[in-house]
Amino acid sequence: MITRRAALPLLSVPTLARGQEESGSLLWNWFIPQLEAADARRMQALAQIRTPSGIAALRTRVRAQLLAAIGAFPQRTPLNARITGTLRREAYSIDKVIFESRPGFAVTANLYRPNRLTKPLPAVIESCGHYPEGKAAPEYQKVCAGLASHGIIAMVFDPIGQGERYMYRQLGLRAQPATYEHVLAGQPAYLTGRTLTHYRVWDAIRALDYLQSRPDVDGTRLGMVGHSGGGMTTLLTAPLESRLRAVMSTCAVTTFLHKTKALLTADPEQIVPGVYANGIDHPELIAAALPAAFLIGLTTGDYVPQEGTRRTLAEVQHLSANISLVETPGPHAMNQGLREACYAWMLKHLAGREAKVVEPQLAVESPADLQCTTDGAVMNLPGAQGLFELNREQARAVHAKRSRETPRSVRTAPPIDFPTRRTGLGTTHIIVVSASFRADFARSLVTPKSTVLELDIQGWEQQPGRKLNWEEFFAYRAFELGRPLIELRTQSLIHHATAHQGRVFVVGLEEAGIIALHAAANTPRIAGVITVNTLRSYLDVFDKPASKTQVSSYVPGALIRYDLPDLIERIRPRPVTQLETPDAARILEVCALA
């Protein structure tokens with residue numbers, strides 16, 4: 001028996017709990033088996049599809065689940081399209097086009113058309129990868145110029161956050177990487193029930209609308225090509241756009257599982273919630289695009305996993321004779337070999353001409369010459385809206401109509417047992433939740449009546465020499481699996497909170513406070529919650545262009561159903577105290593231990 005006198009010196013001595021030594025790889029070791037099992041189920045289901053009716057059913061399912069995941073598209077509005085200038089070259093001309101994919105949301109594009117035009121021609125849209133200059137990148141210019149040289153109208157448009165479509169003018173971000181605005185805009189969008197894919201795919205759909213509005217375009221013969229991030233946008237657009245007769249995706253097609261194992265985080269334009277849970281991967285996206293002819297482009301020096309590319313082809317090739325793969329040597333680029341394959345593919349499936357195509361000598365224009373706006377910035381157009389404004393508008397709209405249906409925990413066993421460290425021997429338990437152990441802070445909460453349990457919810461460890469945002473990496477994998485990190489971490493907290501006799505209080509530091517609120521809203525065993533420097537409302541994320549809240553703290557579509565204050569209402573009348581600093585005296589007072 002330990003006496004009070006003997007126990008007091010032990011109060012500040014931490015004891016490592018089981019799993020502490022494995023915390024660095026905890027999330028990886030849980031996610032990979034989950035993803036592999038989901039991938040195996042998906043492959044087995046796809047292998048059973050052999051008939052046209054089976055393909056049609058798959059197409060219907062994939063389209064419905066994609067739209068539910070990325071957000072339903074808005075009603076079509078006037079394009080307000082205009083040509084702001086034309087460059088005339090020997091074989092083709094380049095129209096500088098601006099159209100609005102939604103009111104005030106301008107899309108800048110260059111349309112390449114053959115000079116000799118006697119009848120409406122087939123047309124192709126090109127979706128760009130992550131070059132800062134967007135449509136003006138030399139290899140993307142050459143795709144369109146090459147198609148126009150072979151009698152096909154081609155239009156390349158700037159992606160969000162690239163070229164003339166930098167949208168976060170408040171931050172002066174022109175020196176940032178091309179994907180920076182994708183993250184700024186794409187991460188908060190998840191909370192609204194939309195994704196960056198929603199906006200990028202809708203831009204592509206409205207680009208097709210613009211092509212069909214032109215008298216020189218045969219609107220029944222449309223195609224799409226994309227490279228890298230644009231290849232992924234193409235892969236996600238094709239199942240949702242039945243007007244496409246020919247598609248080519250280059251340096252993008254593999255599988256979600258292979259990308260994960262290659263540690264390719266991707267950015268929000270490529271992260272679709274629930275794809276694993278819904279049995280959707282690159283093979284299903286290609287199959288759902290049928291009857292469009294689909295060409296996969298691969299470069300042998302690419303970092304996109306080629307094993308996954310070839311496996312995807314093997315999974316779908318039996319479904320159609322018009323699914324194929326072209327391989328070319330070289331790094332991750334839309335090189336000449338891929339461009340020539342594109343010309344041949346589009347000629348065959350849009351113009352009915354089969355021929356070996358050699359790319360002619362093609363001029364490259366300067367980005368300034370290709371500008372559609374006077375100063376290279378759509379945000380300076382009258383009435384311009386960017387994604388910051390659209391996200392904020394959508395967030396406020398769904399928040400006002402939210403169902404106030406807070407998430408309920410239905411799993412009793414925690415999927416991941418995050419490591420803990422215990423200090424003290426008291427009967428009142430204070431669980432401190434944070435992204436790492438805070439020994440000094442934990443000791444400040446130890447009294448003869450309390451036991452402090454530190455819960456480290458990080459579950460990963462930065463590897464020396466590798467610049468990878470693991471928190472973001474696992475947050476995206478969790479979205480794809482349909483199990484947000486908030487849910488996984490909440491389950492672990494509930495497990496520990498319900499494992500102890502006596503009163504249990506939870507202290508959530510910074511973003512871990514969001515986990516504390518979710519947990520307390522799901523179990524009455526938590527007697528009270530104290531959050532420290534924690535986001536007060538998901539709606540606050542949309543007040544500034546650059547939110548400091550990590551995507552791992554988000555739940556896709558949360559604002560449609562609930563907000564953080566709704567969790568507090570569900571917790572009451574138990575106390576919820578929101579502090580700005582870690583005030584140990586105030587926390588002990590709340591826990592009636594002062």
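A crossing of two helices is called left-handed if the near helix is turned anticlockwise from the far one by less than a right angle, and right-handed if it is turned clockwise. I begin with that convention, since the model in front of us, which is a predicted one, has a pair of helices to which it applies: helix 17 passes helix 19 in a left-handed crossing.

Let me stay with that pair for a moment. Helix 17 covers residues 512-520 and helix 19 covers residues 564-571, and their axes come within 8 Å and cross at roughly 40°. With angles under 35 degrees counted as roughly parallel and 65 to 115 as roughly perpendicular, that crossing makes helix 17 oblique to helix 19. On the side of helix 17 the residues involved are Ile514, Leu517, His518 and Ala520, and they meet Leu564, Leu567, Ile568 and Ile571 of helix 19. Sorted by character, the residues of this contact are seven nonpolar and one polar, with no charged residue.

Just beyond helix 19 there is a backbone feature to point out, for Arg572 and Pro573 are joined by a cis peptide bond, with omega at about 20°. Pro573 itself sits in the loop that runs between helix 19 and strand 16, the latter being residues 576-579.

A second helix pair can be set beside this one. Helix 2, residues 26-47, packs with helix 15, residues 470-481, at an angle of about 30° and with the axes 11 Å apart. Because the limit for roughly parallel is under 35 degrees, helix 2 and helix 15 are roughly parallel to each other. Helix 2, too, passes helix 15 in a left-handed crossing. Here helix 2 contributes Leu27, Trp28, Trp30, Phe31, Gln34 and Leu35, which meet Trp470, Phe473, Phe474, Arg477, Ala478 and Leu481 of helix 15. The residues of this contact divide into 10 nonpolar, one polar and one charged.

Helix 15 also brings us to helix 5, residues 180-189, where eight of the 10 residues are buried, so that helix 5 is largely enclosed by the rest of the structure. Those buried residues are Glu181, His182, Leu184, Ala185, Gly186, Gln187, Pro188 and Ala189, and they pack against helix 6, helix 13 and helix 15.

Now to the sheet. It is an open sheet of nine strands with mixed pairing, and the strand order is 2-3-4-6-5-7-8-9-10. At its edges are strand 2, residues 82-88, and strand 10, residues 323-328, each of which pairs on one side only. From one strand to the next the twist averages 20°. Within the sheet, strand 8, residues 244-250, and strand 9, residues 293-299, pair in the parallel sense over five bridges, and Ala246 stands opposite Ala293 of strand 9.

Which helices pack on this sheet? Helix 6, residues 196-213, is one of them, touching strand 2, strand 3, strand 4, strand 5, strand 6, strand 7 and strand 8, and its direction makes about 125° with that of strand 3. Helix 7, residues 229-237, is another, and it touches strand 5, strand 7, strand 8 and strand 9, with its direction at about 135° to that of strand 7. Helix 7 is mostly covered, with nine of its nine residues buried; among them are Gly229, Gly230 and Gly231, followed by Met232.

Finally, a few backbone details around strands 8 and 9, and one elsewhere. Leu290 and Pro291 are joined by a cis peptide bond, with omega at about 15°, and Pro291 is placed in the loop between helix 9, residues 282-289, and strand 9. Cys251 has phi near 50°, a positive value in a residue other than glycine, and it lies in the loop between strand 8 and helix 8.

Is Cys251 buried or exposed? At 3% relative accessibility, Cys251 counts as buried. Arg404 likewise is a residue other than glycine with a positive phi, in this case near 60°, and it is found in the loop between helix 13, residues 387-400, and strand 11, residues 420-424. Arg404, however, counts as exposed, at 52% relative accessibility, the limit for exposed being over 50%.

Methods: Residues are numbered from 1 along each chain as its sequence is written. This is a predicted model: local features need pLDDT of at least 70, side-chain atom pairs count only at pLDDT 80 or more; totals for chains, interfaces and linings use all residues. Side-chain values use heavy atoms; hydrogens and water are left out. Two strands pair if DSSP finds at least two bridges between them. Helices (H or I, at least four residues) and strands (E, at least two) are DSSP runs, numbered from the N terminus. Axes are lines fitted to C-alpha atoms, for helices over the stretch in contact, and angles run from 0 to 180 degrees between N-to-C directions. Contact means heavy atoms within 4.5 Å. Angles under 35 degrees count as roughly parallel, over 145 as roughly antiparallel, 65 to 115 as roughly perpendicular and the rest as oblique. Ala, Val, Leu, Ile, Met, Phe, Trp, Tyr, Cys and Pro count as nonpolar, Asp, Glu, Lys and Arg as charged, and the others, Gly among them, as polar. Buried means under 20% relative accessible area, exposed over 50%, partly exposed in between (1.4 Å probe, protein chains only).
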